[in-house]
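Please walk through the model below, beginning with its backbone and ending at its metal and ligand sites.

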Amino acid sequence: MILRPFTNFWRLTARQESGGLATMPPEQKAEIRAAQIHAVIALTPPMIIANLVNAAIVVLLFWSEANRTFLSLWGLTVLPMLGLWWRKWRSERLTPARVRASLRGVRRVTLNAALLGAVWALPLMFMFGNSGESRRIVLAAITTGMICGGAISLATVWQAALLYSLAIGTPGALVLLATGDPVYLGLAALTVSFAFLVGRTVCDRSDSFAHGFLANRNLREQGHVISLLLREFEDSASDWLWQIDQRGKFIHVSNRMAALLDVRPEDLAGKTPIDLLTLDAGRSADEDVPVAEAFRARFSRRAPFRDLLFPVSVRGQRRWWSVTANPVFDTEGKFAGFRGVGSDVTEARLAEASLEKMAIFDGLTGLPNRQHFHRRLGDALAGRRRNDAQFAVLSLDLDRFKYVNDTLGHPVGDRLLRLVGERVKGCLRNGDLAARFGGDEFVVLQAASSREESAALARRVVSRLSAPYEIDGQCVLIGASVGIALAPDHGDDADELVRNSDLALYQAKAEGKGDFRFFSEEINARMQSRRVLEIELREALRLRQFSLRFQPLVDARTGVVTTCEALVRWEHPERGLVPPGEFIPVAEETGLVVAIGEWVLDNACAEAAAWPRGVRVAVNLSTIQFQTGQVVEVVAGALARTGLPASRLELEITETVLLANSEETLKILDRLRALGVRISLDDFGTGYSSLSYLSSFRFDKIKIDKSFVRDVARRPDAAAIIRAITGLATALGMCTTAEGVESVEELEWLREQGCRELQGYLISRPLPAADARLLLGAGRALPGARD
Ligand code: C2E
Ligand code: MG
Ligand code: MG
């Protein structure tokens, strides 16, 4: 019963401990308890000294007047009490401080404090009544001092401080009350109110201690986390930290940053970021200057900056750093420098630069590409309008490039294009620009003040590009054609100029290649009429405006017609009979030749079906027909429809058919041969005239082009070539036909060289179908007939 308030208080210590922080997790409470106890124990030495001094004063002061036995016993009680505190202090010093403490630990401290308080209440209780006035005052002062000092030193464990104060203050107040003296009654009231004040202050102090502890602990934890993160950041990330002071000198650089600069961190002490620009190179490059200025401006304005690009020189190599930083101010708000992060963005910058380069340069030759050329052409046009300057656009095309690419392979083709790019560049003067538009298309923008200047450049280009190239030990020969458009004469707009130089190029190629042409109104008109031709050709196909002529091929010895070649004609309503040389190229470009070719094949086979059995029909096939992949089916279809035996059909192809994807072409030729048709190589000697074609496919017939036949009399080498071809063809079991035989001399000579068949105006011109039928029906030999 008597103990109830005490036990209640005891429970209260457990419930309301830590000054209202009861809701926190138990381990945190335990940490606070340990800190509270630790704070109390830490004050043990001054507390023991104060206790000893005060105890000594009490003993000495009252030794003459008070009961000496009591004094001695009291003095002896104080000592072991202090001994307990001392032991506790020592053990805390020797062993690492405990991180957590139980409630029992708090209670133990509280009990010790209460006992000490009780011991200090004894002198007042037993000596106050018998003492004189002056000693009473000293005793009261010492007791008050002990309450005050003890409570303060125990303040972090509020329960201990409160119980200690109560243990001294309660009996003290009772003793004062017992005197009945109004002065001491007042003193008692003072003591109680003082004890209350101490208790209240102690509770607050304990509370703020707990909060302070928690705040510190959180701070420590945050600091720990931050330093962990920073360490990880510095160790693993590609970025780094740096700091400069108010003078701009490095006061912190991470190891990573120093390593990237290939120096030790201490080597950077006293250096500024500007020094990094020149750290290794010795002197700053031009691009450093704006960076240095940008940095200085921000530094002096104390303005934060983001992703400032620093060109840093490391071992003579330029690296790019992206630097971000904020100004730092000290606690008094004074500027203390900048702190920031940096990262090496060299690779990204290089990639960006190469992307930029790729966007305007051709990857193969390194020349500007079409987009860049058009930009420069636009600039040139704008400049021309301002100062009336002239310039020229030259379109270049390589002759036989496709052949090199197809026969020697793409790597050789690529090397050749690179060499061509270099040669074209070598022909230019300052201010001119060469670009590659793709494939073998090159274009030059020339700052030319006259037509002659452009002609001279075109001549230089044609001659330089036609000189032999040496690639992988092989000698490669190509030619070049050039078309020129002048600004402003041939156009005042970028597209128009390029188009007109292309038209001029087209004309140069059409007129025999290896030369140059200026754009002209005539060319333009020709191109226009070409466009008209294309429209009309579509119409002609729809209206069936085509017809066939048949030109006989005779046996060179007997003069008997062996074959008739079907030659297409366009019966134009206004222009009359249009020869194939005028419309077949357009039909090939537009793809109309496929439909025209089918019509020819059908009609030629149908016509031939009516001829004597021994006479074959020859039909010309265009390369474009081969590219459709349907040619075998088309031929088989025509034979099936007309009933002409396959053995009476001869297909004439030119070397260009063999150029394009020869593997594929050879397969098609084999399939055609499998149908039973014969295959002739037409116009041999005009194209690339490679004898290797003769071994790649066993043709049934080789037709020597009429241009050779014409040259026979004048050029001994033409005669030698014809002899070589006939010799080779005979050896390979192929028949040779000479085209374009126009004179008896030619006929005699060709016959002598072993040509087995002859074709030409001397024998017969191409005949309308009815005439051909009559001729064949008569069955007579045509030794030198003229139609
Ligand atoms: P090609 O296949 O070499 O036909 C021979 C050409 O030479 C014919 O011209 C013929 O008239 C001409 N010719 C014949 N003998 C002589 C001669 O003694 N002197 C001269 N100067 N010329 C002679 P054409 O009919 O104008 O045909 C030209 C070319 O057009 C043909 O050359 C052939 O490549 C092409 N062609 C003709 N018809 C067709 C066809 O139906 N389809 C295809 N794809 N091409 C055709
Ligand atoms: Mg032919
Ligand atoms: Mg021919």
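P488 sits in the loop between β11 (479–487) and α18 (494–510). In this predicted model, the peptide bond that leads from A487 into P488 is cis, with omega near 15°. Most peptide bonds are trans, and most residues other than glycine have a negative phi.

Two residues depart from that second tendency. D472 has a phi near 50°, a positive value in a residue other than glycine. The residue belongs to the loop between β9 (469–471) and β10 (474–476), and D472 is exposed, with a relative accessible area of 53%. R544 also is not a glycine and has a positive phi, of about 55°. R544 is found in the loop between α19 (521–543) and β13 (546–555), and counts as exposed at 57% relative accessibility.

The metal sites come next. The magnesium ion (ligand 2) is coordinated by E565 (OE), N620 (OD1), E652 (OE) and D682 (OD), at 2.0 to 2.2 Å. Along the sequence, the donor residues of this ion follow the spacing E-x54-N-x31-E-x29-D. E652 lies in strand β17 (residues 649–653) and D682 in strand β18 (residues 678–684), so the pair ties together parts that are 30 residues apart in sequence. Both E652 and D682 are buried, a term that stands for under 20% relative accessible area.

What links the magnesium ion (ligand 2) and the magnesium ion (ligand 3)? D682 bridges the two ions, which lie 3.9 Å apart. For the magnesium ion (ligand 3), the protein donors are D682 (OD), D683 (OD), E739 (OE) and E739 (OE), at 1.9 to 2.7 Å. E739 is thus listed twice among these donors. The spacing of the donor residues in sequence is D-D-x55-E. Because D683 lies in strand β18 and E739 in the loop between β20 (735–738) and α29 (744–752), this pair ties together parts that are 56 residues apart in sequence. The accessibility of these two donors can be set side by side: D683 counts as partly exposed at 22% relative accessibility, whereas E739 is buried, with a relative accessible area of 6%.

Some of the metal donors also take part in the surroundings of ligand 1. This ligand is surrounded by 21 residues, and the closest are E565, N620, D682, E742 and Y761. Of these, E565 and N620 are donors to the magnesium ion (ligand 2), and D682 bridges both ions. In the side chain of E565, an N or O atom is 2.8 Å from an oxygen atom of ligand 1. For N620, a polar side-chain atom lies 2.9 Å from an oxygen atom of the ligand. D683, a donor to the magnesium ion (ligand 3), places a polar side-chain atom 3.0 Å from an oxygen atom of ligand 1.

On its own, ligand 1 has 790 Å² of accessible area, and the protein covers 84% of that. The elements that give two or more residues to the shell are β14 (561–572), β18 and α27 (706–711). Which of the elements gives the most to the shell around ligand 1? That is β14, with four residues. By residue type, the shell divides into nine charged, seven nonpolar and five polar residues. Strand β18 thus appears in the shell around ligand 1 and also holds D682 and D683.

Key. Residues numbered from 1 in each chain as written. Chains lettered and ligands numbered in written order. Predicted model: local features only at pLDDT ≥ 70, side-chain atom pairs only at ≥ 80, totals over all residues. Heavy atoms only, no water. Donors = N, O, S within 2.8 Å, 3.2 Å for Na, K, Ca; no water. Buried < 20%, exposed > 50% of the residue type's maximum accessible area, 1.4 Å probe, protein only. Near = heavy atom within 4 Å. Polar contact = N/O pair within 3.5 Å; in protein donor to acceptor, adjacent residues only side chain to side chain. Areas by Shrake-Rupley, 256 points an atom, 1.4 Å probe, with all protein chains shown as cover. Nonpolar A, V, L, I, M, F, W, Y, C, P; charged D, E, K, R; others polar.
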